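The following exercises concern the chain folds and nonpolar packing of the structure shown below. Please work through each solution with the coordinates at hand.

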Amino acid sequence: MSRPIRAVRVRSLTPAVKPYLALLPMALTVIVAYLGTMAWTLRTSFTASRTFASDKFIGLAQYERLFDNERWMLSLHNLALYGVLFILACLVIGFLLAVFIDQNVSGEGVLRTVFLYPYAMSFVATGLVWQWLLTPGTGIDGTIAALGFPGFVFDWIVDQDMAIYTIVIATVWQSAGLVMALMLAGLRGIDADIWKAARLDGIPVWRVYLSIILPMLWPTIATVFLLLATSVVKLFDAVVAMTQGGPGTASEVPAKFIMDHLFLRSNIGLASAGAIMLLVPVVALLAPYAYARSRRSRARGHA
Amino acid sequence: MYTAPKYQALALACAAFFAAAAAPAAPANAAAAVAAAASNGPRAEVIHWWTSGGESAAVKQVAQAYRAAGGVWVDTAIAGGDQSRAVTVNRIVGGNPPTAAQFNTSKQFFDIVEQGMLNNVDDVARAQNWDKLLPEPIVSVIKVDGHYYAVPLNIHMQTWIWYSKAAFQKAGIAKEPASVPEFFAALDKLKAAGIVPLAHGGQPWQETILFSAMLSNLGGRDLYLKVLRERDPKAIASPAFRNVLLAYKRLQGYVDPRSPGRNWNDATAMVIGGKAGMQIMGDWAKGEFTAAKQVPEQQYGCIAGLAPNAPYLMQGDVFVFPKTRNAQALQAQKLLASVVVAPNTQLAFSKLKGSVPVRSDVDASQADACARKGIAIMKDRSRHLGVSEVYLTPDQNGALQDVLTAYWNTNMTVEKAQKNIAAALGE
């Protein structure tokens, strides 16, 4: 009885070690490059570091200064406003685009490419194009005025209250295609029998999408939400390319605050405190997700 | 193209960054090996961000002078000041420093000095008597604890008022404004004539220039130093400073609504084309007029200040010399330092850069009309002042910019602006 078992064990030892060996470089990268730098950032955020990292610990003073800073608070406010609008618009437009393409339209391949293309391009370049389009006097504003509507004004990008919405427009244009692609994959994965059954019952198509298909797409939506949420937190290139945070500080975002303090203002202590604060919402988003996933896999393991 | 945070150049600069940071040794050494074969003089690798047309022509003058003195010049140009400075700092920390690197005449390199990572240039400074020769605001940033740590190349004046002669004629302004009330009267006349009175690029650093112009011309030398150098809360809360802020905000009424985000050179183009009357900008703007084939005192005019003894706000560029024990590199640093401050190099460089030489003993006859005005003012040491970055750390200066741009762009009250400036400078 005992002999065959030992034999099995010996033989399975190598296969058990191999995957871990293969994972080692990646694990080292994660531990050193991600967790290591995170710990370093956390440490720096408690010091009075300027151009160079310093060992002079000053407790939570950088955090106090951060939350006394009007520009940081405005950045957070902008990020929240931007995040809600951006995620909602991307989900709605992406879903509608996917449904639209799902109707077996001709030239599906071309359309898919067209919608997905913005995502494939660097926003440093396309953001500049958006800036030109939105600059009053030229771009959209100038073109429509030249077409015979001299009273037409579209100057959001230089408007204190509207500038942040131009960022929403441009980034939705960029990301909606990706949402469409993921949603479309989800739609294609839905069993054709459901459609047949719904048709037999005489349910209108829009109702099927809304009440049956959408709930079934839940895992896809969760993935899309997570992707969009992380891109909200790291929002930087669009702002830099389009408004540079202006007019004034109207479209400032936390990532730009951090970059400015790292590279222009030689205050890596304050920048690190900002970076750590930016990590908090990411962890808050990821932790429940990771927890749910681990619970699900454990439940599956027991079954 | 100077102190502006140029993120748009980020993409381009990234390429340069990786070229310089990731694989610095191989190409540079190869180039040096070739050069060394031709000449055995001391080899100087110089990091700088003079990449625009006029700037790179200017730095070539320095390179030529260094070669003429028997050295080997290895050029490492990196687009964008912040990128370039980041590469310099990274290479110093990483133990592979360049022979020399560009910084602005400001507190940008103060931390590096404090960490003991720069060689001093006391020999050159003593030989040329810098204490006497150089303007006080420049000395105040390059001299730390009695030692000189940087070699100044040039002086830019930040708050020149450039105006279009055609626009002034159209608005019926006979004489260039010589006081703050006359300046606002001219703006009113331009506005009445249907011309954009003040060309402005709505970026924080350009708003800071307008503020500095009001603080120095209206507030005067004493208030300027009390606010920016002493960071005196009483001065910031004073009625005089309040008036400065109100005058600064008043300028906004003379700016066109499309100004936010505009680059400084696009604003200069408005003055060149006569669409706008005036612009307050550093003397690097002269390059734009020259490129448009305009001549000072013919198509455009330049006003240095709005009072007979208005302060001359200086900024500029310096070379620093990272610490090294390599004897040849030390020799290169010494040679470069002496070449840079030589009157001929100073003149040739500034002529192309649009600045004026740091030395008060150069021959001004070769310079253009505006530079001659500047050089004449520079002879009066009581008018010497530095720009805000000379007195403030990059961090404090940035915080000040944040307040100024918010005050300019929103309906923040002047009392709130005073309070926020006190907080920004108090840290």
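**Exercise 1.** Determine which pattern chain A follows along the sequence, and state how its radius of gyration relates to the globule rule.

Solution. Read along the sequence, chain A follows α-α-α-α-α-α-α-α-α-α-α-α-α; it has 13 helices and zero strands. Helices (H or I, at least four residues) and strands (E, at least two) are DSSP runs, numbered from the N terminus. The model is predicted: local features need pLDDT of at least 70 and side-chain atom pairs pLDDT 80 or more, whereas totals for chains, interfaces and linings use all residues. Residues are numbered from 1 along each chain as its sequence is written, with chains lettered from A and ligands numbered from 1 in the order written.

Next, the radius of gyration is taken over C-alpha atoms, and the globule rule is 2.2 Å times the number of residues to the power 0.38. For the 303 residues of chain A the rule gives 19 Å, but the radius is 25 Å, well over that value, so the chain is more spread out than a compact globule. Its C-alpha trace spans about 90 × 70 × 30 Å along the principal axes.

**Exercise 2.** Compare the expected span of helix 20 of chain B with the distance between its end C-alpha atoms.

Solution. The expected span is 1.5 Å times one less than the number of residues. For the 16 residues of helix 20 (residues 394–409) of chain B this should be 22 Å, and the end C-alpha atoms are 22 Å apart, which agrees. Of its 16 residues, 16 are buried (20 or more other C-beta atoms, placed from the backbone, within 10 Å of a residue's own; exposed at 12 or fewer, partly exposed in between).
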